[in-house]
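Reader: I am new to reading protein models, and I would like to understand the reasons behind the words used for them. Could you take me through this one and set each value against its definition?

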Amino acid sequence: MNFALRPPTAGRPGPGAGRGATMENLEKQLICPVCLEMFSKPVVILPCQHNLCRKCANDVFQSSNSLWQSRSSSSSSFSSSSMVSSGARFRCPSCRHEVLLDRHGVYGLQRNLLVENILDIYRQQEACRSVPVPMKPEQQQQQQQLLCEEHEEEKINIYCLSCETPTCSMCKVFGKHKDCDVAPLSSVYLRQKTDLSDSIAMLVANNDHIQALLSELEDMCCRVEENSQHQREHLDERFEGLVALLDERKQDLVGLISKHQDDKLKHLRSLIGRHSEQLEAAVALLETAIQSMEEPHMSLFIQSAKVILEKMAVTAGASHMERPEIGFESLSHFVLDTDDLAELLRNIDFSPGVGDDGEEDPEGGEE
């Protein structure tokens, strides 16, 4: 990083003043809008990207929901408001955005680990500034001896911009840095401190954007799961409708086969009845004829034989056996050709470009 030479101005604040302003600005960003104190962990982030102490979020939720407020006084560390019915809500104290809670209540809100880490670093820095760390004698001696190695008793008070290294005034006047661009060490320190502070602020803002993007992606995942479930249910309904239609048509065709079966069986049973009656009459006539053969008197035999012969002649004349036509029992004409339908069912697919609501599908449109 290149620095332009800029002489120090009268009354310019020193490094300690710049550091104090930076820490003061950082502290303002770490104040909870509810308790107006520095955040106490765990810190939760709301969908609107504002942060609260989880205890303060719990207090805001209880004050907004009187049903749970009476229970909060007797609750333990995992209070009764941590498990609530889905749909409980409260408003963000900073922007009044409505926050919808799931059944875990405020314990279901996402923790902002970035703010918690910055909080820890800030407290460590404040502790180091307010309580000086005891240094060993050799460390104190090194701190007191920030002197130039080439020029004894010359303090390091300037910064060589060309070589990017701290040095002393004698090195600039007589030493190896006499042709280099230099700047006061304090101004370079403040400039670097400001740049680092700005970079930290940019990184925090970028991390907030990333966290917002992650929340948006999580919401998209939920919507994808919900839409997929809806499409599965819709697909089940369509296929159940097809199955019902096929079953209805099947019953119609089965009924047609049953009707032809009943008609054929009725005709065959009618023939069986008529031929059975003829057979019974022939058997009875045969028995009568056999008995007449045993008649000892010739005159009686002749009379009975004449009658029997006449009946036999009538029976023989009426004994024409009616038969069904060849192949009468076959039902081979009931042939169902389902090859085309089966091929159509095998190739059934989603209609590209149009959704259930009539709108174009962006994925289908791109194809």
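Author: Of the 367 residues in the protein chain, 20% are buried, a word that stands for under 20% relative accessible area, with exposed meaning over 50% and partly exposed in between (1.4 Å probe, protein chains only). This is a predicted model, in which local features need pLDDT of at least 70 and side-chain atom pairs count only at pLDDT 80 or more, while totals for chains, interfaces and linings use all residues. Residues are numbered from 1 along each chain as its sequence is written, and side-chain values use heavy atoms, with hydrogens and water left out.

Reader: What makes cysteine 48 count as buried or exposed?

Author: Cysteine 48 has a relative accessibility of 19%, and because buried means under 20%, cysteine 48 counts as buried. Cysteine 56, with a relative accessible area of 6%, is buried as well.

Reader: How do you know how many disulfides there are in the whole structure?

Author: A search of the whole structure finds zero disulfides, where a disulfide is a pair of cysteine sulfur atoms within 2.5 Å. The closest cysteine sulfur to that of cysteine 48 belongs to cysteine 95 and is 3.6 Å away, which is too far for a bond, so this pair is not called a disulfide.

Reader: Which secondary structure does the protein chain have, and what makes a run of residues a helix or a strand?

Author: The protein chain comes to ten helices and seven strands; these are DSSP runs, numbered from the N terminus, with H or I over at least four residues for a helix and E over at least two for a strand.

Reader: Why are strand 5 and strand 6 said to pair?

Author: Two strands pair if DSSP finds at least two bridges between them, and strand 5 (residues 156-160) and strand 6 (residues 165-168) have four bridges in the antiparallel sense, so they meet the definition. One of the bridge partners is cysteine 168 in strand 6, which is matched with isoleucine 156. The hairpin of these strands has four residues between them, and there glutamate 164 takes a positive phi near 55°.

Reader: What makes a positive phi worth pointing out?

Author: It is pointed out because most residues other than glycine have a negative phi, and most peptide bonds are trans. Glutamine 49, in the loop between strand 1 and strand 2 (51-53), has a positive phi of about 75° although it is not a glycine. Arginine 96, in the loop between strand 3 (89-91) and strand 4 (98-100), has a positive phi near 65°. As for peptide bonds, a cis one joins lysine 41 and proline 42, with omega about 0°, and proline 42 is placed in the loop between helix 1 (15-29) and strand 1 (43-45).

Reader: Why are glutamine 49 and arginine 96 given their accessibility words?

Author: Glutamine 49 has 26% relative accessibility, which lies between the two cut-offs, so it counts as partly exposed. Arginine 96 has 52%, which is over 50%, so it counts as exposed.

Reader: Which helices supply at least two residues each of the nonpolar patch?

Author: They are helix 7 (185-292) and helix 9 (339-346), and helix 7 gives the largest share, four residues. Leucine 344 lies in helix 9, and at 57% relative accessibility, over the 50% cut-off, leucine 344 therefore counts as exposed.
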